[in-house]
Amino acid sequence: MTRRTMTAVALILMLSGCGSDENGAQLSSAGAAGTGTAAVAPTPTPTPAAPSYTYEKAANLKVDRTFTGYDRFSSTGTDGKFTTVEFSSSDTAVTSWGKAESKITFADSADLPDGGVYSFPNISAGTGLRIETTTRLVALELPDKLPDYQYFTFAEYGDSSKYRSFVIGSPTNPAELNGIAKLTYSAMINEEEKKAGAKPASLTVDLAKSVVSGTVPMFDDGDALDMTLTGTIDAAKHIKGTLQSVDGKLTGEYRGRPFGPGGKELALVIVLKEADGTLQQAHLTASLQQ
């Protein structure tokens, strides 16, 4: 970071006529008395350089990675039918990826089977990894149909009695959003399941009022259902709130935050409750409107 300091020094000699020498040249009183006192202008205060923020692309598993912070939910159930949910967030816990062994270590997940650490040494990954068997799901990926997003990705663990979903990546530094009144996003829920030509809708994050609001489409095998979101955003730029389908049949909760430079992207993890009390997971993805 380079700062330029401009220093101006003005040397002012006050001259006063006090007669002439024998050649008619005038002498200054300062010259007669000796060197005068110089007036020095104050040094201007330098203008601080604008802070810079660095963000890594999230969907890159060709190298070892660490993802600091998360928003997530955890569910428990029986035989794959999940009925409880707990949301949590962290700004310091780390989810890691080790390229050599294709090893995923889920943050704050020692309660999961195998301590939340899973290796797949014979499988290579580029932008993501998804291992799904009849008994277990382990994933660290951005869905294939969402290639335009750069700064967040999703992580998942699931078996017959536990399910956990994270959104991780390069969160926007909260300081970068200071002084911004409002962010407006083009948003969808389960965007990867949309039909060709489907359009997003606006979701507003009002930083001045600390509220989130909007009605956006949710897709399920191409079918769309509008969901109305209300929520809040705190000083650390964590977002949380509730959502409900316009027909009133689905309700749910969400957590997430902005990602990338200037809050360029937004991602939320969502849990929806169906009429019979069972839960289903979803996620919202959004890009900042220009």
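Strands, as named here, are DSSP runs of E with at least two residues, numbered from the N terminus. In this predicted model, one such strand, β16, contains R257, and a good way into the region is to follow β16 towards its neighbours.

Strand β16 spans residues 251–259 and runs antiparallel to β17, with 9 bridges joining the two. T251 of β16 sits across from K273 in β17. The two strands make up a hairpin with 5 residues between them, and within that turn G260 adopts a positive phi of about 80 degrees.

Strand β17 covers residues 265–273, and 8 of its 9 residues are buried, leaving the strand mostly covered. Besides β16, β17 pairs with β18 (residues 279–288), again in the antiparallel sense and over 9 bridges. Here V271 has Q281 of β18 as its bridge partner. A hairpin is formed by β17 and β18 too, with 5 residues between the strands; in this hairpin G277 has a positive phi near 95 degrees.

Back in β16, R257 deserves a closer look. Its relative accessibility is 5%, and because buried means under 20%, R257 counts as buried. What lies 3.0 Å from a polar atom of the R257 side chain? It is the backbone oxygen of Y70. The side chain of R257 also meets the side chain of D71, through a polar contact of 2.7 Å. The picture for this arginine is thus a buried residue with polar partners at Y70 and D71.

Definitions and conventions
Residues numbered from 1 in each chain as written. Predicted model: local features only at pLDDT ≥ 70, side-chain atom pairs only at ≥ 80, totals over all residues. Heavy atoms only, no water. Buried < 20%, exposed > 50% of the residue type's maximum accessible area, 1.4 Å probe, protein only. Helix = DSSP H or I, 4+ residues; strand = E, 2+ residues; numbered from the N terminus. Pairing = 2+ DSSP bridges. Polar contact = N/O pair within 3.5 Å; in protein donor to acceptor, adjacent residues only side chain to side chain.
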